[in-house]
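Open the structure in your viewer and keep the sequence panel beside it. This tour moves from one selection to the next and says what is there at each stop.

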Amino acid sequence: MSKMSKMSTSATMLRTAVASARVVLRMPLDRTAGAIAGSSRTLSTRVRTGLSNELRRQAVPRLTLGRQQARTMFIQTETTPNEASLKFIPGVPVTNGGSHEFLDLRSALASPLATRLLTIDGVTGVFFGPDFVTCSRDESLSWNLLKPEVFAVLMEHFSSGAPLFKEGHANGSGAEDTRVLETDSEVVGMIKELLETRVRPAIMEDGGDIEYKGFDEPSGIVKLKLKGSCRGCSSSSVTLKNGIERMLMHYVPEVQAVEQVLDEEELIALDEFAKLEARLEKKAQEKKNDMSQYMSH
């Protein structure tokens with residue numbers, strides 16, 4: 001074989017070897033590319049599925065939480081110095097800073113919540129404070145019987161977001177009785193400021209409120225009306241004399257005394273109570289006389 005023939009054969013073998021190598025190399029690369037493409041599609045599917053599941057997981061708790069909050073609204077209760085009154089704290093604002101009292105269904109017509117509470121058998125009074133509701137009961141019934149009904153009414157109202165008053169009935173942003181007017185004297189202005197900043201917050205802690213009814217300058221007497229749990233409370237006279245009266249006399253020398261202003265209903269109730277006490281005392285005395293006569297024989 002000539003030298004040229006050997007070189008041609010060698011070149012042909014070399015080209016064949018290179019072509020074979022290219023085929024061998026191309027096959028793993030093709031498989032790898034297919035594997036990568038498949039993995040990419042699988043990863044993309046997993047990512048989309050994961051995001052979808054994550055979005056569902058994020059959405060479901062929000063709805064569930066909302067339902068749980070509506071169902072599990074927690075209303076606290078606090079006792080007051082008046083055993084016939086109980087303070088309910090719903091954990092949300094009740095009024096816009098003022099207070100409102102309802103002693104019968106007629107006065108409660110402007111407030112659906114007050115109307116519903118007063119229709120509960122045994123509830124005799126309703127008082128709205130800035131962040132609480134005070135209910136008063138008939139002394140013949142216990143709070144163990146009344147509390148479940150009051151809880152149900154309060155929870156339904158505050159969970160629904162319904163307004164406290166009907167449209168057209170204003171929910172005042174603060175107490176008007178202690179608002180200092182341009183026509184007020186310096187003494188009256190000081191009295192109102194003390195009542196608003198010192199007395200009212202303490203009274204509201206006990207589920208009640210005070211209402212300024214006037215100041216008689218010649219006698220130096222401040223007239224106040226007690227509301228909420230303070231109404232009819234056995235310790236109200238102590239609150240007036242040892243608390244409010246003493247403080248006002250200390251800061252305003254012109255004040256000589258503090259007197260409670262009673263509604264007509266309260267005057268009637270006190271009169272009836274006095275008559276009842278008199279009858280009971282008379283019966284006790286008659287029984288005592290009968291026993292003494294029996295013992296003498």
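Start by selecting Asp177. In this predicted model, Asp177 counts as buried, with a relative accessibility of 17%; the cut-off for buried is under 20%. Now add Arg200 to your selection. The side chains of Asp177 and Arg200 meet in a salt bridge, with 3.1 Å from N to O. Where do Asp177 and Arg200 lie? Asp177 is in the loop between H3 and H4, while Arg200 belongs to helix H4, so this pair ties together parts that are 23 residues apart in sequence. Like its partner Asp177, which is buried, Arg200 is buried, and its relative accessible area is 5%.

**Next selection: Glu196**

Keep Arg200 on screen and add Glu196. Arg200 forms a salt bridge with Glu196 too, and here the closest N and O atoms are 2.6 Å apart. Both residues sit in helix H4, and because they are 4 residues apart there, about one helical turn separates them. Is Glu196 buried or partly exposed? With 32% relative accessibility, Glu196 counts as partly exposed. Add Asp209 as well, and you have a network: salt bridges with shared partners join Asp177, Glu196, Arg200 and Asp209.

**Next selection: Val188**

Stay with helix H4, which covers residues 186-205, and pick out Val188. Val188 counts as buried, at 9% relative accessibility. Which residues does Val188 touch, leaving aside those up to four places away in sequence? They are Tyr212 and Phe215. For another view along the chain, select Val222: it is 34 residues from Val188 in sequence, and their C-alpha atoms are 9.4 Å apart in space.

**Next selection: Lys87 and Glu78**

Now move to another charged pair. As a general point, side chains of opposite charge can pair when their charged atoms come close. Select Lys87 and Glu78, whose side chains meet in a salt bridge at 3.8 Å, N to O. The two partners differ in how they are covered: Lys87 counts as buried at 5% relative accessibility, whereas Glu78 counts as partly exposed at 34%. How many salt bridges does the structure hold? There are 8.

**Next selection: a charged patch**

Turn on the surface and select Glu83, Asp121, Asp138, Glu139 and Glu149. Together these residues form a negative surface patch. One of them, Glu149, is found in helix H3, which spans residues 143-160. Glu149 is partly exposed, and its relative accessible area is 41%.

**Last stop: the whole chain**

Clear your selection and switch to a cartoon view. The secondary structure comes to 6 helices and 8 strands. Following the sequence, you can trace them in the pattern α-β-β-β-α-β-β-α-α-β-β-α-β-α. The chain has 297 residues, and buried residues make up 31% of them.

If your viewer can draw contacts, turn them on. Among contacts with a separation of 6 or more, 61% come from residues 24 or more positions apart. Finally, bring back the surface: the accessible surface of the chain comes to about 19600 Å², and 57% of it belongs to carbon and sulfur atoms.

Key
Residues numbered from 1 in each chain as written. Predicted model: local features only at pLDDT ≥ 70, side-chain atom pairs only at ≥ 80, totals over all residues. Heavy atoms only, no water. Patch = residues over 30% accessible without salt bridge, like charges linked within 9 Å, V, L, I, M, F, W, Y side chains within 5 Å. Areas by Shrake-Rupley, 256 points an atom, 1.4 Å probe, with all protein chains shown as cover. Salt bridge = Lys/Arg side-chain N within 4 Å of Asp/Glu carboxyl O. Lys, Arg positive; Asp, Glu negative; His and termini not counted. Charge placed at Lys NZ, Arg CZ, Asp CG, Glu CD. Helix = DSSP H or I, 4+ residues; strand = E, 2+ residues; numbered from the N terminus. Buried < 20%, exposed > 50% of the residue type's maximum accessible area, 1.4 Å probe, protein only. Contact = heavy atoms within 4.5 Å.
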